[in-house]
Amino acid sequence: MNSPESEHPTNSPDSTGFPRQFARTRRFSLGVPRHFTVSPDGSRVLFVRTVSGTDPIGRLWQHEDGTERLLVDPALLVGNPSGAIPEEERLRRERARERSEGVVSYATDAAARLVAFALSGALWAVRTEGGTPFSVPAAGPVVDPRPSPDGRHIAYVSRRSFHVVELGGADPTRADPSGIAPSGGTDRQLARAEGPDISYGLAEYVAAESMQRMRGYWWAPDSRHVLVARVDTGPVERRYLGDPADPTRPPRAVPYPAAGTPNAEVTLQIVSLEGDRVDVEWDRKAYEYLVDAGWDAHGPYLAVQSRDQRTVRTLAVDPATGATEVLHERTDSAWVELVGGTPARTASGALVLPEDDGDTRYLTVGGRRVTPDGLQLCAVLGVEGERVLFTASDDPLETHVWRHEPGHGCRRLSRDPGRYTGVGRGGTVVLAGATPRGEEVGVLREPGPNAAATDDDARYQVISSLAEEPLVTPRPRHLRLGERQLHGALFLPSWHEEGAGKLPVLLDPYGGPALQVVGQHRGWTGCVSQWFAEQGFAVLVVDGRGTPNRGPAWEKAIHGDQLTPALEDQIDALRAAGARFADLDLTRVAIRGWSFGGFLAAAAVLHHPDVFHAAVAGAPPTDQRLYDTHWKERYLGHPEEHPENYARSSLIGHGHLLRRPLLLVHGLADDNVAAAHTLRFSAELLAAGKPHSVLPLPGATHLPADDAVNEQLLHFQRDFLLDALARGTDGE
């Protein structure tokens with residue numbers, strides 16, 4: 001089957017260079033503003049952005065009065081801004097799916113006047129009022145530096161120990177035009193790692209990977225105390241990741257708590273700058289997961305979760321004794337869904353929490369629901385006074401930023417279609433959205449809850465995105481498919497004329513929890529789907545049961561079975577689309593995906609060879625027992641108590657069913673979905689006499705970072721699928 005790029009050279013968009021562009025722009029993430037901080041008075045916005053859509057070096061900027069000012073250019077500070085970094089920092093970036101280098105994260109004091117950041121393991125700071133960045137002496141390679149609220153100290157982690165460095169006697173609220181660090185600063189090691197399995201101030205694996213808690217310590221408002229997590233990975237099973245392409249390099253041991261095995265032991269301590277410690281006490285046997293923590297004007301607080309994830313408690317902490325008091329308890333017969341930014345408290349002490357009831361996830365403040373039926377809470381972005389900034393969705397295709405204020409109710413701040421997030425302070429809100437036009441960021445100065453929406457244009461300033469414009473423009477047709485009204489998007493070749501001929505079909509799903517790919521926005525996934533369409537496919541993307549923002553019942557329909565509902569929805573959507581569009585050739589259907597999508601793709605050709613005729617499965621979790629405790633037990637329970645859930649949701653044990661062409665792709669350095677998933681499954685297929693293909697990626701993690709690999713992967717998948725479908729669909 002010839003590529004349509006040669007068949008339709010005059011009608012096709014410039015898709016020939018798309019794979020290279022996709023790779024060198026790091027999925028079009030470079031040049032996009034991100035990591036926003038707003039000053040208390042709302043006049044200034046800090047953010048990170050590279051200087052072009054292909055430049056990988058993140059720089060720190062400040063936006064004020066419509067003008068951008070460069071605060072930190074890593075190329076001027078260190079010889080190699082992308083040089084060696086501590087292993088802990090590399091893992092943090094991997095967990096955060098960070099694709100850039102240079103300044104990738106930062107933290108500020110309460111006034112947003114002092115900014116701390118790490119470059120190649122060194123500690124740096126800059127004052128936003130002026131002056132140049134200055135280095136701060138540290139005890140060793142630096143991870144996650146964070147200034148105290150008053151700006152007089154910077155906390156950080158080095159070699160798994162917790163440190164605080166004093167910036168000296170200079171007034172932290174004034175600029176230092178010399179660019180020289182204040183003299184007289186002292187470094188204090190407030191918590192020393194007692195052994196190689198101990199760390200202070202870092203998030204453990206399941207917190208970062210499955211709970212989205214990337215932090216391990218929290219400053220007190222008085223700037224004299226810190227709430228610090230102590231993690232002991234001694235009980236956790238080890239995995240040994242090596243590089244088969246370099247047999248001289250020894251493997252590294254990675255603590256990985258597979259489903260049903262022990263977790264890391266996580267405790268909390270309140271540490272003073274003088275070195276005093278208070279242990280925080282709670283029933284860690286019943287609630288072994290530390291979901292989140294914080295420290296506000298009312299004191300320290302935390303959220304803890306039971307191992308079966310059916311109970312989450314919000315606890316207040318007495319900073320003098322470490323004793324805890326239950327403020328709130330959430331329960332659910334399946335699992336309690338964790339919502340980012342919660343728990344939180346308003347200035348009056350009212351708890352800000354989610355609440356699931358019926359088919360709606362509500363926002364509650366002080367125990368009272370403040371959002372209407374059908375508006376699905378996504379995340380709490382921040383609390384200022386009694387006002388709560390949050391994201392929510394009343395249409396699964398869109399996510400918007402909302403503000404709740406007592407006496408005025410809820411107001412939607414983002415206006416155009418898209419998926420938005422944001423941050424707000426001092427009457428200013430930064431709205432960062434993926435829209436149908438691409439990534440857009442605006443600074444909205446709020447006039448008050450009673451102002452007319454049409455007045456917003458006069459108070460809206462744009463922070464420019466420097467991302468490249470994709471060579472392929474997505475042209476999705478949004479559909480509601482089947483009895484369950486599944487949200488889908490159909491991508492057809494731009495050169496295709498309806499009725500001119502049948503097109504092979506490519507399903508391109510993720511289809512799993514916590515991620516939607518169908519929406520009113522132009523994301524990188526839509527660009528890739530359109531590129532595959534330009535190669536001659538009708539590409540169908542569907543969000544089925546288990547995906548977010550259609551209510552708790554929709555999300556929890558996969559409880560106990562992560563495969564059957566998800567696969568049924570893909571098949572139902574395919575048949576419904578085929579009935580509606582006569583040009584879809586249902587005798588030639590392929591499916592591709594990565595991670596959960598890869599699992600879904602492989603399962604499709606195993607269990608439904610009558611429907612699916614070829615598959616590409618990237619990093620597929622083939623044996624659910626090999627995945628981590630918090631993520632997998634959430635959906636399938638403990639494997640010793642519910643082994644049947646793991647058997648029905650795994651590919652292992654079903655390899656003998658394969659009748660269709662299958663390509664397995666896996667990074668050999670993947671510490672999320674270990675390469676063992678693919679290698680063991682391949683061995684099972686081989687033993688059963690089932691031909692298949694395996695593409696190993698040496699040195700690649702769960703999301704391959706090598707530009708050449710990412711470019712060629714698109715070509716390789718296309719060629720495999722076109723060849724497989726061209727060879728016929730008899731399956732023998």
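1. Glycine 637, just after helix 9, takes a positive phi of about 80°. The model is a predicted one, and the points below cover this helix and then a four-stranded sheet.

2. At the other end, where helix 9 starts, a side-chain oxygen of aspartate 628 comes to within 3.1 Å of the backbone nitrogen of histidine 630.

3. Is helix 9 buried or exposed? Of the 8 residues in helix 9 (residues 629-636), 8 are buried, so the helix is largely enclosed by the rest of the structure. Buried here stands for under 20% relative accessible area. The polar and charged residues are no exception: Lys632, Glu633 and Arg634 are buried, along with Thr629, His630, Trp631, Tyr635 and Leu636.

4. What do the buried residues of helix 9 pack against? Their partners are two helices, helix 4 (205-210) and helix 10 (643-648), and two strands, strand 21 (289-296) and strand 22 (299-305).

5. Elsewhere in the chain numbering, 4 strands make an open sheet, ordered 10-11-12-13, with antiparallel pairing. Strand 10 (143-147) and strand 13 (187-191) are the edge strands; each has a single partner strand, so one side of each has no neighbour in the sheet. On average, neighbouring strands of this sheet are turned by 25° against each other, direction ignored.

6. At the strand 13 edge, the pairing is with strand 12 (residues 161-166), antiparallel and over 4 bridges. One residue pair can be named: valine 164 has arginine 188, in strand 13, as its bridge partner. As background, strands of a sheet pair through backbone hydrogen bonds.

Definitions and conventions
Residues numbered from 1 in each chain as written. Predicted model: local features only at pLDDT ≥ 70, side-chain atom pairs only at ≥ 80, totals over all residues. Heavy atoms only, no water. Pairing = 2+ DSSP bridges. Axes fitted to C-alpha atoms, helices over the stretch in contact; angles between N-to-C directions. Buried < 20%, exposed > 50% of the residue type's maximum accessible area, 1.4 Å probe, protein only. Contact = heavy atoms within 4.5 Å. Polar contact = N/O pair within 3.5 Å; in protein donor to acceptor, adjacent residues only side chain to side chain.
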